[in-house]
Amino acid sequence: MSGINYDLTKIKGFVFDVDGVLSPSVIPLSEDGYPLRMANIKDGYALQLAAKLGYKMAIITGGDSIAVKKRFNALGIKDIYLKASYKINIFKDWMEKENLNSDEVVYIGDDIPDLKCMRICGLPCAPRDAAWEARETALYISKYDGGYGCVRDVLEQVMKAKGEWLHEDHAFGW
C-alpha cells in the first residue's frame, strides 16, 4: 500500500532536480571551488531499474557537473539538462518530446527553482528536508531527506503500485 495519495498507475515519467534531491543539500567544495556531489546507491538501484522498465526520466539542474552527467547516464537516464537556470521551459519541452501529459509525470524538487515545474506536473514530490515552499507545493513529501533515499522512496512506490517492483529477473541485477 502506497503512502502517496495519487493514482500511481498513471505515472510514465519522472523528472529530478539534483542538489537536495539526488544529492544532499550540503555539498563539499573542491580546492578550486567546484561543488562535489554524493550519490545514493539505493536511489541509483531504483533509477536503473526504472530505466530498464522503460520509464521516461530526466534530470533538470542548475548545476554544471560532468560527474552528474556520467553517473546518471550510466544508470540509464539520457535526458540530462545542466545549467538550467529557468527549468519550466525545459520541463515543458521534455514532456512534449516524450509525448507525456502532465498527470503522467512525477517531479521531485526541493527548492524555489523547482516550484513552477512542481505546479504543473501530476505528482509533485519533495524530500523531507526540502524548503517549506516545495513541501507546501508537494502532494507527497518523502520520509527521507534529499540524497538519502527520497528518490528510491517515490520510484519504489510507483513500481509497486504497477506490480513491477522485484517482478522480473532483471530486478535482481545491475
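Visitor: What is the order of the strands in the open sheet?

Guide: This is a predicted model. Its open sheet has six strands, with parallel pairing. The edge strands are β3 (79–81) and β6 (140–141), each pairing on one side only. The order is β3-β2-β1-β4-β5-β6.

Visitor: Which residue in β5 is the bridge partner of Y107?

Guide: Strand β4 covers residues 105–108, and strand β5 covers residues 123–126. The two run parallel and are joined by three bridges. For Y107, the bridge partner in β5 is P124.

Visitor: At what angle does α6 run to β1?

Guide: Helix α6 spans residues 150–161. It lies across β1, β4, β5 and β6. Its angle to β1 is about 175°.

Visitor: How far apart are the axes of α1 and α6?

Guide: Two packed helices are described by an angle and a distance between their axes. For α1 (residues 41–52) and α6, the angle is about 35°. Their crossing is left-handed. The axes are 8 Å apart.

Visitor: How many residues of the contact of α1 with α6 are charged?

Guide: From α1, the contact includes K42, D43 and Y45. From α6, R152 and L155 are among the residues met. The contact divides into nine nonpolar and no polar residues, and the charged ones number three.

Visitor: Which element gives the most to the lining of the largest pocket?

Guide: About 230 Å³ of space lies in this pocket. Its lining has 14 residues, with R152, D153, E156, Q157 and K160 nearest the centre. By class, four are nonpolar, four polar and six charged. With six residues, the element giving the most is α6.

Conventions: Residues numbered from 1 in each chain as written. Predicted model: local features only at pLDDT ≥ 70, side-chain atom pairs only at ≥ 80, totals over all residues. Heavy atoms only, no water. Axes fitted to C-alpha atoms, helices over the stretch in contact; angles between N-to-C directions. Helix = DSSP H or I, 4+ residues; strand = E, 2+ residues; numbered from the N terminus. Left-handed = near helix turned anticlockwise from the far one by under 90°. Contact = heavy atoms within 4.5 Å. Nonpolar A, V, L, I, M, F, W, Y, C, P; charged D, E, K, R; others polar. 1 Å grid on protein atoms, 1.4 Å probe; cavity = no way out; pocket = protein on both sides within 12 Å on 5 of 7 lines; lining within 4 Å. Points joined across faces, edges and corners; volume = space filled by probe spheres on them. Pairing = 2+ DSSP bridges.
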